[in-house]
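Visitor: I would like a close look at a single part of this protein, taken slowly and with its surroundings described.

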Amino acid sequence: MSHVREELSDRPRRINASLDRVVELWWGIPLRFAAGTPTVCLPRLDAAEARQLVVADAKLRDAYEPLARLHIPACPSRTEQPAVTRTATRIATAAQVAIVTSNSTVVTEWALRYFGPWWNATGTTADDCPQVIADINLDKVTEVAQRVADDSDEETVYANSVMVLARDDDGTIFASQPEDKIVYRAEPGGPLHVYGCEDVPVALAAARLAREVVRGRLLADGWSILHASAVVRDGQTVLALGDKGAGKTTTALLLARAGWHLLANDRVFIRPDGDRLRVLPWPSAAAIGLGLLDALGWYDQVRHRVRRGERLHPTQHQKVTDALHSGSRTPLWKESGKELKPQFFPHQLATWLGLTLATEGHAARILFPRITPGAEPALLDEDRRVRAGDFFTVGTEDRYPDVFGLLPADIPGSEPLLELLGELPRHALTLGHDVKANSDFLTQVTGPAA
């Protein structure tokens, strides 16, 4: 009996020591056990011994709880591993192509949904040369995580998540994002590898990497990134510019609801095309506030789909999902003052909201909206122009730093674009909260371009 009690009392101490090591190397070290509840069956325990056993059992459960969250199941032996069918998705825009391949269909199907019609995503054969290889592979996760833990020399924030990096002398980059349970390996001139333990985090990372590959190639081909929403009709593009919260998304959605095709929610690629400016979309999840969703008449249908079990983009905050389930239409805010919004996959803008997505257009008009509660829609007597600060550059990129060296070293300045953008018809305007009045006003303002 005594040795059993000693064993029970000693386990939490030894587990805590193991946890110290796990924390040191984060979650990626393979733990070859399963957390659970101990069962000890001994005859003829007196009352005191029974109480001691209950206390020891409770302590052991508490000690095992963190390990249950860290558990990574053991990989099957190579002789037991089933054959894996690889799938691939091809993404193409403006003659630039990126291929994502994976041992998980979730990853490649995700890329189809994420890029969809905006960047002409289609299924392809895994034999094509991929630019992104995104696999569920626990051994690789452990290997790269250990490599980063042993020799990390840099830390940054990438896609709102902490990323730790290490570099080899040959230029190979190893990276890990512990919160997302994913790791990366990028060899000079080779494909980008991302490994994880779960499908969804790997799918998110693969989509971001594929977009970064295409972004680098577009920038090398003379494109720039403008902070703007955009809609297209008959090839003519209306750009909505302004600071965060100015009303760019509201303007684009009002016009898209009125029959224009939605080209972009927050950013566009833009480049001179002869004496015109060609515009491409920047695929991303589209954030639409609960209040705006309600005002545009989309709230009920979105809530119905969510309650039925359909899911919006996983970057959406749980408070937003809870609000949709409960029927709350009140806008939600972080302590920082940033609004929490439903996050839509690009394809859901079409399938859920009935919008049509455009693949490109030519800039024809620029709007500088400003939302003013209680105001009547009107033009403002302001000569607002596109400025250098309206473009995203390597120095101002706040969400996707170039950690894998995908962007060209020399990127053309914005001066030629500013000159051409300055020749387009432009209007500074104020919008209120009356959807019909705003829509009618925008329809009037965006008449035939000069």
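In which strand is the place of Asp273? Please then go on to strand β6 and the strands that pair with it.

Guide: In this predicted model, Asp273 has its place in strand β14, which covers residues 268-273. Asp273 is partly exposed, since its relative accessible area is 32%, and on the surface it gathers with Asp275, Glu419 and Glu423 in a patch of negative charge. A residue needs over 30% relative accessible area to be part of such a patch, and the 32% of Asp273 meets that cut-off.

Turning to strand β6, which spans residues 161-167, we find a strand that is mostly covered, with 5 of its 7 residues buried. Strand β5 (residues 154-158) pairs with β6 in the antiparallel sense, over 5 bridges, and within this pairing Val157 stands opposite Val162 of β6. The two strands, β5 and β6, form a hairpin that leaves 2 residues between them, and in its turn Ala159 has a positive phi of about 55°.

Strand β6 also pairs with strand β7 (residues 173-177), again in the antiparallel sense, here over 4 bridges, and Ala166 stands opposite Phe174 in β7. The hairpin of β6 and β7 has 5 residues between the strands, and there Gly171 takes a positive phi near 95°. Strand β6 is thus paired in the antiparallel sense with β5 and with β7, and it forms a hairpin with β5 as well as with β7.

Note on methods
Residues numbered from 1 in each chain as written. Predicted model: local features only at pLDDT ≥ 70, side-chain atom pairs only at ≥ 80, totals over all residues. Heavy atoms only, no water. Patch = residues over 30% accessible without salt bridge, like charges linked within 9 Å, V, L, I, M, F, W, Y side chains within 5 Å. Areas by Shrake-Rupley, 256 points an atom, 1.4 Å probe, with all protein chains shown as cover. Salt bridge = Lys/Arg side-chain N within 4 Å of Asp/Glu carboxyl O. Lys, Arg positive; Asp, Glu negative; His and termini not counted. Charge placed at Lys NZ, Arg CZ, Asp CG, Glu CD. Buried < 20%, exposed > 50% of the residue type's maximum accessible area, 1.4 Å probe, protein only. Pairing = 2+ DSSP bridges.
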